[in-house]
Amino acid sequence: MDPIIKLTLLLLFFRIACASTVEKNFEHCETVVKNWASSALHQGINKDKHTLQDLLFFLHVPRTGGRSYYHCFLKKLYPSSQECPRSYDKLRFDPRKEKCRLLATHDDYSMMEKLPKERTSVVTIVRNPVDRVFSSYEFSVEVAARFLVHPDLASATKMSKRLRAKKAGVSTLDIWPWKYLVPWMRADLFARRHARRQKGSSEDKIDSPYDMKDILMPLQEFIDDPIVHDIVHNGATFQIAGLTNNSYLDESHEIRHCVREYKSLGQHVLRVAKMRLDAMLYVGLTAEHKESATMFANVVGSQVISQLRDANFSTGTLADNQSGNSSSLHLDSELESNVDQNNSTLDEKALQDEDEAKRKNMTVTELIEVYEGCISSLLKTQSRRRFASLKRISPANFSKEARRHVSDAVLQEIRTLNYLDVDLFKYAQEIFAMRHVQLMGNLDMKVSLFSSFLDL
């Protein structure tokens, strides 16, 4: 046989074999994804989505502003005694704990496998996926930069382990997804600093903090990395679907792989995420901060207050909550000094009685006022910490203005990579708009009834 014909036939056979393999792989992935989606869609969910159940599960999607809700709403509403154990990091959850009524965590929806579904209400906050990717990048850099006070990566890692062993609280490095992203970014920052010192001073003109390759990982490199593809891109959809790399479902990794390999299969995951979003007690939007906070106070806060009042639950001390807030605030920094939490000069019994009375008699308006005061303080603390961190990688200085100068090509790539989250975000906006109109109508009706009562 002619060698050329032989080679042509071999290539043809190879192409047919490859096409057959691809087809079989797709069929396998399609079966896996569809079977999971079918099971998820038929699982029982709490149909009374407007009523707060016994347990509130705050499904905290990273970089959506959830920390402010946790510290300034939930920690003000629920006493420490009613918060589920270790509920702000990876699950160490005992559903048998009496009076456990609040679970706030970065865990995904697969957590519901361990919860009493019919007695659990879920709330979450969703953010524009482009902004969330920016924020994930910036926060990873910010936290990683705190370790640059050390001479090298080895000493930074060693000191980090020592501090975490001594602390009773939870470190950022214990929390998903930062336990993956921060060490990766930390190693990158040290490598670039070492390279700069080896090379000497650079005369390169630096315009954008998102493209300072001599100092930190450029945004383009960040969004293209496999780690970010697995954890950040379409992260909200996978988290609400219960399919992150932190999932309790054995098939989650395979499903994520199949969706990345065959984008069309993502619609099955999206359908599940939308169903679960629609069934939640509350869905907030990061960008609609004021309206979201008002809705949370009226939809969730009012029912928590009512439950506390009606059931006469025992409450913790205000000092307890303040201590918990301070502890959680500085968990994100392993390098800042300890905060003095000694409240021994306070009359704890009087404080406990006062706090119990406040909780039982708090109104939604007062709750919003407490939230506004708390978030103002929280944002100042975060701003100071951010400024101190970014000084170590000067002249990098992230800002909304700097984001506007990122190229359209990069922004479009982020949207394309997060095609599921883009769709889910639009759906969340629709849910929020509809529920906001309903809430305003209900509030107007209450005002009208109250006015009519006064006229009698």
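## Starting point: a buried tyrosine

Let's begin with Y282, which is buried, with a relative accessible area of just 1%. Keep in mind that this is a predicted model. Y282 has an aromatic partner, F296, and F296 is also buried, again at 1% relative accessible area. The two rings meet edge-to-face, 5.0 Å from centre to centre, with 85° between their planes. Y282 belongs to strand β4 (residues 282-285) and F296 to helix α11, so this pair links distant parts of the chain, 14 residues apart.

## F296 and its other partner

Which residue forms an edge-to-face pair with F296 at 5.1 Å centre to centre? That's Y69, and the angle between the planes is 85° here. Y69 sits in helix α2 (residues 66-77) and F296 in helix α11 (residues 289-311), so the contact ties together parts that are 227 residues apart in sequence. Both Y69 and F296 are buried.

## Other rings, and charges over them

Searching the whole structure turns up 15 aromatic pairs. There's also an aromatic cluster made of F134, Y137, W184, Y210, F222 and F398.

Some rings have a lysine over them. K263 puts its charged end over the ring of Y419, 4.5 Å from the centre. K114, for its part, lies over the face of Y248, at 5.3 Å from the ring centre.

## The disulfides

How many disulfides does a search of the whole structure find? It finds 3. Counting bonded cysteines along the chain, they follow the pattern 1-5, 2-6, 3-4.

Take C29 and C258: their sulfurs are 2.2 Å apart, and the link is left-handed, with -70° about the S-S bond. C29 is in helix α1 (residues 3-41) and C258 in helix α9 (residues 252-261), so this bond ties together parts 229 residues apart in sequence. Both C29 and C258 are buried.

## Two more sulfur links

C72 is joined to C374, S to S 2.1 Å, and this link is left-handed too, at -70°. C72 comes from helix α2 and C374 from helix α14 (residues 364-390), so parts 302 residues apart in sequence are tied together. C72 counts as buried at 0% relative accessibility. C374, at 16%, also counts as buried, because the cut-off for buried is under 20%.

Then there's C84 with C100, S to S 2.0 Å. The torsion about their S-S bond is about 125°, so this disulfide is right-handed. Both cysteines lie in the loop between α2 and β2 (102-105), 16 residues apart. C84 and C100 are both buried.

Terms used
Residues numbered from 1 in each chain as written. Predicted model: local features only at pLDDT ≥ 70, side-chain atom pairs only at ≥ 80, totals over all residues. Heavy atoms only, no water. Phe/Tyr/Trp six-rings, centres within 6.5 Å; stacked < 30°, edge-to-face > 60°. Helix = DSSP H or I, 4+ residues; strand = E, 2+ residues; numbered from the N terminus. Buried < 20%, exposed > 50% of the residue type's maximum accessible area, 1.4 Å probe, protein only. Lys NZ or Arg CZ within 6 Å of the ring centre and 35° of its normal. Disulfide = S-S within 2.5 Å.
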